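Subject: Structure for you to look at

Hi,

Here is the structure we talked about. Please open it and keep it in view while you read my notes below.

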Amino acid sequence: MGTRLSAWKYATISALILVALISPSNLILKKPLSAFFSSEEASRFHLSPSSHSLRSESTRTYNFTLAEEVLSPNGVQKTVLTVNGLFPGPTIEVRSGDLLVVNVHNRLSEATSLHWHGIRHAAGNNSQDGAAGVTQCPIPPGANHTYHIHLLSEQYGTFWYHSHQSTQLSDGLFGALIIHPPASLAEKARPHKDELRIMLVGDWYHRSGKEVLDWFQSLRSHGNEPVPDAILNNGLQLFNCSKSIAKISCDPKQGRTPTFRLHPQYQNIIRLINPGSIAEIHISLDSHLFRVIEADGTQIQPVIVKEITIAPGQRYALEVIRADEGKYDGFWLRQRVNYEDFKYPNVALDLESKSIVTYGPRRDLNLPSSQSWSDIKAEERLDPLSLQPLDHIARVLPPADETLMMYVTTMIRTATGNRPFGYVNQTTWKPNLTNPVLARNEFVSSSKELIVPVNVGNTSNSIVLDIIVNNLEDGPHPFHLHGHHFWPLYTFEAVMGAGSYKWERPPTLPTTAPALRDTFVIPAKGHAIFRVRFDTPGMWLFHCHVLVHLQSGL
């Protein structure tokens, strides 16, 4: 299916909104593995930047076989969706300017698609975005499909891929995608030597994604979002089987506490990704500071904090800075969630799951005795609105040409059988999987598809749009924009009332550009203002990244 929007005339955003084993066949890893890491960890979650930054642009081919396997990531048995037999899926490593070719062999029992989260596609490549019902038909069971992703020369950082069909994301169909800069940019952005690793930290349901969604859209949920059962780090955790009140098959010997060994002499850089379905996760490391250097693929002016909060879909890169003067051998990495974020309790969920961080081989095999940071002040937590781009030239903020107003909520209506559905400007998204939007000759909104045409005019190749998103409900929404990044200018959360934007009392907006993002949280009972330059024509989805909201129309 080819891209129909080949001219500069239109970019379309659509609401949901639509704004109209790994074996790369030509990849040979040459970097010797550190003595501090197992070969499995080094090949999967320990990165090799020199294998990519020092080479020329090239075509990198990956072959992905998707399958269903019964696994016990935290000791609880579940049917997990794997890529080449792995959960999480293989890490893709490329460099800026590469052509990334991914051959997908769908051996699942249902159709699928893969979305390349945070990637800015080259003009004319909208069809490679992987949004089922928007840019492609899903890949049928037993079928093959090839994605050709032309990586822009100026884009590098932390990204990820995941299924964009049904609830497959919550069943494990995701992995990291890292774009390394060429050597000249790498030296400018960051000193070396670095040890770079990935942490995919997100929530996990013991039930299948379909069961979770069916419950949410039933009368039993009363519109309450399903509370997860666990937090996994790189697909692992140790679950206390006695805590579950649901019927599960649980063997604690199958789970284990995730453990990470840092290099004592190098800079230790962690690329942090939240692939979860609902929960914001607050992450801290005992006796360590985080020097945050990247957000959603944007290199930022470094910020030092004690705790970082990451929402579903977001990514950060951070340097780990030791602050204990060698007092401890091992440390707890704390992955905290708040019950205030959920509308009912789940006794199975550990509100502070943990991973272990050590330096070199551990001398003490006992669990860490490190203490958490106490009384973390507001200024010691990451403030996402305050982040500034590293490049001073990128701090120029263009004025907005137009404004788009959106109202988002979840409602229970008699017309929908008293089941909860998500709405954007009174429309609830239901993708047409046999006739995706990009394949059509006409683009018309309906009650099931909000399609917003953005006309860039005849004299310019872009338009700058302010998108004001009003959140009418009492829970936050992490919104993600496909194919573009935006400037998050302002957020507001009401203490009382709706907290919607007031035309008669507009807020004071910044005059310099903050760090560009592609996923940002809209507060409960409040609103957010995002400014985006649309300069790549196509059909680009804008949606909530809470999975049950996405699948319910938001």
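Start with one sheet. It is open, has five strands, and runs in the order 13-21-20-15-18. The pairing in it is mixed. Strand 13 (259–262) and strand 18 (308–310) are the edge strands, and each of them pairs on one side only. On average, neighbouring strands of this sheet are turned by 25° against each other, direction ignored.

Now look at one edge. Strand 13 pairs with strand 21 (residues 352–359) in the parallel sense. Four bridges join the two. Which residue of strand 21 stands opposite Thr 259? Ile 356 does.

Next, step back to the whole protein. Bear in mind that this is a predicted model. The secondary structure comes to five helices and 30 strands. The protein has 554 residues, and 60% of them are buried. It exposes about 22,100 Å². Carbon and sulfur atoms supply 52% of that area.

Then go inside. The largest nonpolar core has 65 residues. Which residues have the most contacts inside that core? They are Ile 283, Phe 290, Ile 308, Met 406 and Ile 467. A second core is separate and has 24 residues. Phe 64, Leu 100, Leu 108 and Phe 159 are among them.

One link is worth finding on screen. Ile 308 belongs to the largest nonpolar core, and the edge strand 18 covers 308–310.

Best wishes

Methods
Residues are numbered from 1 along each chain as its sequence is written. This is a predicted model: local features need pLDDT of at least 70, side-chain atom pairs count only at pLDDT 80 or more; totals for chains, interfaces and linings use all residues. Side-chain values use heavy atoms; hydrogens and water are left out. Two strands pair if DSSP finds at least two bridges between them. Axes are lines fitted to C-alpha atoms, for helices over the stretch in contact, and angles run from 0 to 180 degrees between N-to-C directions. Buried means under 20% relative accessible area, exposed over 50%, partly exposed in between (1.4 Å probe, protein chains only). Accessible areas come from the Shrake-Rupley method with a 1.4 Å probe; for residues, only the protein chains shown count as cover. A nonpolar core is a set of buried Ala, Val, Leu, Ile, Met, Phe, Trp, Tyr and Cys residues joined through side-chain atoms within 4.5 Å.
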